[in-house]
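Colleague: I am new to this structure. Please pick one part and look at it closely, residue by residue. Then link it to a few other places along the chain.

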Amino acid sequence: MSDIAAAIEEGAKKSDVLWLTLDRPRLAWHAWHEGAIYLVTGGGEQQLPGLVGLETVQVILRSKDNGARLADFEADVRVVDQAAAPEAIAALAKGRLNAPDSEHLTDRWARESTVLRLTPR
C-alpha cells in the first residue's frame, strides 16, 4: 500500500467527516468500508449539490485531532445500488448520528436518498 493510500485509509477511518470540492467546499459525513468512502445525499440527509452527476470529485481529509490536512485526492464517484450493498449501507447507517427515524433509516434512504461510493484514484 502506498503512503497516500495509507493516509487516505487512516484519515477516513479516524474521522467521520471530509471536505468535497463541489460548487464550493462542502463538509460531509461518511463511512469508510472496504477501501472506499460511502456517503448519502438528498432526502432528509446532507445536501451535496452536483455530486450525483460527477465522475470524479476532489476530497480533503483532515486530522480529527488538530485539523491538519492528511490527504487531498481525487476519487471516482459511483451511485450505489443500495439493495446490492447491504454491508456498506449498514456501515453508513451505523455512523449516522441523531437520525429522527433510526429504525427505518435505510428504508428512507432507499426511497428518498442517493448513496455514493467514492473510490480514491
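Modeller: What follows is a close look at one pair of helices and the loop that joins them, with some other places added after that. Keep in mind that the model is predicted.

Start with the two helices. Helix α2 covers residues 86-94. Helix α3 covers residues 105-112. The two pack together at an angle of about 115°, and their axes lie 10 Å apart. Angles from 65 to 115 degrees count as roughly perpendicular, so that is how α2 and α3 stand to each other. The crossing is right-handed as α2 passes α3. The residues that make this contact divide into 5 nonpolar, 1 polar and no charged.

Which residues of α2 and α3 meet? From α2 come Ile89, Leu92 and Ala93. From α3 come Leu105, Thr106 and Trp109.

Now stay on α3 and pick out Arg108. This residue sits within the helix. Is Arg108 buried or exposed? Its relative accessible area is 9%. Buried means under 20%, so Arg108 counts as buried. Which residues does Arg108 touch? Setting aside residues up to four places away in sequence, they are Gly44, Glu45, Asp101 and Ser113.

Two of these contacts deserve a second look. The side chain of Arg108 makes a polar contact of 2.7 Å with the side chain of Glu45. A polar contact of 2.7 Å also joins the side chains of Arg108 and Asp101. Through Asp101, Arg108 of α3 is tied to the loop between α2 and α3.

That brings us to the loop itself. Asp101 is part of the stretch between α2 and α3. Its relative accessibility is 17%, and it therefore counts as buried. Asp101 can also be placed against a residue far along the chain. Ala6 is 95 residues away in sequence, and the C-alpha atoms of Asp101 and Ala6 are separated by 35 Å.

Asn98 belongs to this loop between α2 and α3 as well. Is Asn98 buried or exposed? At 76% relative accessibility, Asn98 counts as exposed, because the cut-off for exposed is over 50%. So the loop holds a buried residue, Asp101, and an exposed one, Asn98. The backbone of Asn98 has a feature to note too. Its phi is near 60°, a positive value in a residue other than glycine.

Glu34 also has a positive phi. The value is about 45°, and Glu34 is not a glycine either. Where is Glu34? It lies in the loop between β3 (31-33) and β4 (36-41). Glu34 is exposed, with a relative accessible area of 59%. Beyond its neighbours within four places in sequence, its contacts are Glu87 and Arg117. Glu87 falls within the residue range of α2, so here is a link back to the first helix. Glu34 can also be set against Ala99. The two are 65 residues apart in sequence, and 24 Å apart in space from C-alpha to C-alpha.

Next, a loop between two strands. Ser63 lies between β5 (56-62) and β6 (69-79). Asp65 is found in the loop between β5 and β6 too. What are their exposures? Ser63 is buried, at a relative accessible area of 15%. Asp65 is exposed, at 77%. A polar atom of the Ser63 side chain lies 3.1 Å from the backbone nitrogen of Asp65. Not counting residues up to four places away in sequence, Ser63 touches Ala68 and Leu70. Asp65 has its own distance to record. Lys14 is 51 residues away along the chain, and the C-alpha atoms of Asp65 and Lys14 are separated by 9.5 Å.

Finish with Leu20. This residue is in strand β1, residues 17-21. Is Leu20 buried or exposed? Its relative accessibility is 0%, so it counts as buried. Its contacts, leaving aside neighbours within four places in sequence, run to many parts of the chain, including Pro25, Leu39, Leu48, Val57, Val59 and Leu118. For Val59 there is a distance as well. Leu20 and Val59 are 39 residues apart in sequence, and their C-alpha atoms are 4.8 Å apart.

How values were computed:
Residues numbered from 1 in each chain as written. Predicted model: local features only at pLDDT ≥ 70, side-chain atom pairs only at ≥ 80, totals over all residues. Heavy atoms only, no water. Helix = DSSP H or I, 4+ residues; strand = E, 2+ residues; numbered from the N terminus. Buried < 20%, exposed > 50% of the residue type's maximum accessible area, 1.4 Å probe, protein only. Polar contact = N/O pair within 3.5 Å; in protein donor to acceptor, adjacent residues only side chain to side chain. Contact = heavy atoms within 4.5 Å. Axes fitted to C-alpha atoms, helices over the stretch in contact; angles between N-to-C directions. Parallel < 35°, antiparallel > 145°, perpendicular 65-115°, else oblique. Left-handed = near helix turned anticlockwise from the far one by under 90°. Nonpolar A, V, L, I, M, F, W, Y, C, P; charged D, E, K, R; others polar.
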